[in-house]
Amino acid sequence: MQVGTLSDSVEVTAEVAQLTTENGMIKGDVIVQQEIQDLPLNGRDFTELALLVPGVVPNAQGGAGSFASINGARGDNTNFYVDGFNDRNVRGAAAQLRPNIDAMQEFKMEVSGYSAEYGKMAGGVLNMVLRSGTNQYHGSFFEYVRNDKFDARAYFDREKLGFHQNQFGSTVTGPLTIPKVYNGRNRTFFMASFEGYRLSWGQTRVGVVPTALQHVGDFSKTVSNTGVPITVRNPYASNQPFAGNIIPASLFSPVAKKIVDIYPLPNRVALGNNHQAIANNVNTWDSFVMRFDHKVHKNDNLAVRYGKRFGRNNAPWAGSNLGVFQNTVRDDRLLGGIDYTHMFTSNIIMEARFGVSRNASREKIISDGSDMAKTLGIGGSTSDPLLRGFPLIAVTNYLSIGYAANQPVQYYVTAWQWGYKLTWIKGKHVMKFGLDYSRYQFNQPYFNNSRGTMTANGVWTGGGTATNGNAYGDLLLGLLNSSSHTSQTTRNYMREQGYGFFFNDDFKLSRRLTLNLGMRYEIEMPAYDKYDRMSNWLPQYNKIIIASTNGIGDFAALVEKTGSAKYMAMAKDYGLPRSLVHPYYKGVAPRVGFAYRLRGDRTVLRGGYGIFYAGQLLNDVRNGLDNTFPFILADSFSRLAADTTALTLANPFNPARGTTAGGGTGTTTGFKVDAPMGYLQSYNLTIERSVGSSNVIEIGYVGSKGTHLGRQYNINLPLRSLEYFLAFGTGFPNPYLPFTGTINYWDFGSNSIYSTGQITLRRRARGGIFYRLNYSYSKSIDTNSQFTGASDGGFAQALDPRNLSLERARSDWDRGHVMTTSFSYPLPVGAGKRVFSNAGRIVNGVVGGWTLSGTAVAYSGQPFTILDSTINANLGESSRPNRIAAGNNTSGQGRKGIDYPWYNPAAFVHTPGCVNATPRVCTKDQYGFIPFAPGNSGRNILDGPGLFNTNLTMMKNFWMAERKRVQIRWETFNIWNHPNFQLPNRNYNETAAGVLSSAAASGNGGPRVMQFALRYEF
């Protein structure tokens, strides 16, 4: 076999076979450069391409992880690669570096059954292949422009808001040549790409603010969430009603007077939300990507790539939907890698590689740095110049006031990776052996809640019951229900490493049948802290085990002061490693597939099966195991019903009312000490047939089954029961006494099941024409959809940790019906075409040579869970209500969810509660439901709005010479201006129950926007 030149190998990378005849394991698609360039992509974002592949659906609204869920895998289990280098951010699971579109040669989205070369995640593999140079110089210069003058008004906006976007850059490829110094033809090639992005746009948010009457203490027109008039009571006068339902100004807190004027007056009339705020968003970045390929010797090649993106943006809604408590963000990302390829013989090739990726992000509040708490008269907040600012004040049923409690945020994520692969072609076998090693560094200080958080909830003006009062009334009086702050911070230095060993054999058993056999072995070592500042609550010992007392100070005095000594133990005393979790050494992952060409060679039957191990979000582990007592001191404070001076705006962190987490009544976190690695069994069967000269139809089934998936819930939830209440009242015991606080425990007993049928009709780019039409029908069921927390429509933790079957339901991202399409078609207009075939030069220059391309997606709605916002669990009430009707049968005049509720709130009823009196009374309600039973309204029982979006591009090339052209583009996103709404308010007993109050963002299925572009290519 003759060894070709490096430039030859680069030239053929864009060629994609019409049928997949050699691999049965892999299910997915390849999108080549012409398709990448021709399709309209919002923000020129590569993830738009991935969503055109069957099995890839958007992650649940507010879901953790990446942009998508892939064939039943969680959103945090998508793997990203650039030229084979891992590009996944272990902190939050998104892509570390986002390469420029012009720098990409092709885009591979493997959604099921990928090779044993890849591991670490259970979802799909998104692999971006960068362009390389050839012996000819090629390049492009471009600018894409948007302006609100050409856009539609957003659905909930009263007027069109500002929108200005510029995206510009250049990419050049060719031989690396330095005149009179070095001539790289046939030996050294380069690709250099720059892209800049400048975006400024107005955005609105809605919420509830006090009315003009409430501003002056007049609550005579105020009603509760359920529409019932409320009576505000005077806590200074034995809870007697205020005369005329008016709080006199003489009782207003001096601190409150300085705060409440931040609230604007209502400016809209709508169900539930009486105010719309407008703020300006800014998002800018500059991205550089380079690649160099060098032929060291006829059998040795060296490739180097490096990319970095500098990002700057703001977050106007970080603290509150008032839009005045904003953040700024600096986010820098890079990826670098070098690989060396040596050909021992014509059939034995070795590749060694080393790479690094890094993300440095710094967020801070937009403040003048002054001590706002002191200026307002709020005592006890931090005075540290790095941390101080306006504290967060949560006012139940109203928009909050203050900066986000988690600010500032500073984190640095670095991933080092090494790999080795040997390819041996022997007879009918193409065998690959290899190993890879990764080491992750994740550094982040914990500054959460350093300024403090205060809550007013209406309990004071409600005479002891929040639902009977008004939180803004409590705020005017300066009386709080609770507060919290962090009095001791820490810095986290997490470290993690993983090993992978693989063997893969593509065995061509005959001309028609190819077997794909693979085996991977993975070891993901548990994360640990560089300075051993970690803790883990273990149920088998009923103790908090800590790795070390480093940095704690006088540990003995601290645990004695907080009454924690009986709960604390050292890892060395229990034979635990510094990670406090044992490694899992059984990560064997077989892969098998087949591809069989039926007679005639126009039809291929393919199938595959594999086991893929799941990863997890390091940020969740950091917050759970590193940022707990005794390494941080999180203090919480509660009101004293008999003393109005015990907890106030002026003194929100009163030591007499405070407790420090760790004293047996706070919150701690546990991680199963011998946790298995979660894994996904993925399987597919596909028949693929070529139709005509260029078309392919593909019909397939894909399934997956998740096992040992991690999820977190409070295993120390009190043992509440009807019998116990009747006998002893509300002093319910906890399972892990004497510890009475919350124990958020990660267990690994969750599972999932996913099935989908998929149909694809496609034509690869030929003659300027290509298209892809996909339809899939799927169902994904699980017992939990996230490692920690929940998406906007899901359910965090567990309703009953002792009956986890109550959580089995549709996954948060389940979409049911999904249809996607993409196409490009040169219009038959102009000289020599069907229309205007005899057009002259001028006419042809105007109407001829246009190409129409576009994408369209249609999804059915994602599910969501109905909640009850006013419950008392100690009286037997449940946060998930009882369901007495379907709930999705609603009708009315106007638009559903806007003029009448998206779902029927009357289909749900409050779960019955007991009366804690003498004697105690517990009775069935009118529907026969009893107290202390979980509401029968299950998780994810209703569907939210679906999504329909069509993007189109018209483009024309003006050829200046054989290899030089100017291209103009006119792109329209959401051309039909179809409003795509977010999930409705799911608290069935609120005034805004079932109301749709937000829509998709501009360019992402939001209001119609137009984009104009000019490109020069050579």
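**Exercises on nonpolar cores and a surface patch**

In this predicted model, the largest nonpolar core has 40 residues, and those with the most contacts inside it are Ile259, Tyr263, Ile393, Leu475 and Leu649.

**Exercise 1.** Determine which elements give two or more residues to this core, and which of them gives the most.

*Solution.* Step 1: the elements concerned are helices H5 (254-260), H6 (372-376) and H7 (471-477), together with strands S19 (392-395) and S22 (453-456). Step 2: H7 gives the most to this core, namely five residues. Step 3: a second, separate core of 37 residues includes Leu39, Val56, Trp813 and Val857.

**Exercise 2.** List the residues that Ile393 touches, leaving out those up to four places away in sequence.

*Solution.* Ile393 touches Ile259, Ser400, Ile401, Met454, Leu475 and Leu649.

**Exercise 3.** Classify Ser776 and Met819 as buried, partly exposed or exposed.

*Solution.* Step 1: buried means under 20% relative accessible area, and exposed means over 50%. Step 2: Ser776, in strand S38 (residues 769-782), has 6% relative accessibility and therefore counts as buried. Step 3: Met819, in strand S40 (residues 817-826), has 41% and so counts as partly exposed. Step 4: beyond four places in sequence, Ser776 is in contact with Thr756, Gly757, Gln758, Gly816, His817 and Val818.

**Exercise 4.** Identify the residues of the nonpolar surface patch of about 600 Å² and the strands that each supply at least two of them.

*Solution.* Step 1: the patch is made by Ile687, Val691, Ile697, Ile699, Ile759, Leu761, Leu773 and Met819. Step 2: at least two residues each come from strands S35 (679-691), S36 (695-714) and S37 (742-766).

Definitions and conventions: Residues numbered from 1 in each chain as written. Predicted model: local features only at pLDDT ≥ 70, side-chain atom pairs only at ≥ 80, totals over all residues. Heavy atoms only, no water. Helix = DSSP H or I, 4+ residues; strand = E, 2+ residues; numbered from the N terminus. Buried < 20%, exposed > 50% of the residue type's maximum accessible area, 1.4 Å probe, protein only. Contact = heavy atoms within 4.5 Å. Patch = residues over 30% accessible without salt bridge, like charges linked within 9 Å, V, L, I, M, F, W, Y side chains within 5 Å. Areas by Shrake-Rupley, 256 points an atom, 1.4 Å probe, with all protein chains shown as cover. Salt bridge = Lys/Arg side-chain N within 4 Å of Asp/Glu carboxyl O. Core = buried A, V, L, I, M, F, W, Y, C linked by side-chain atoms within 4.5 Å.
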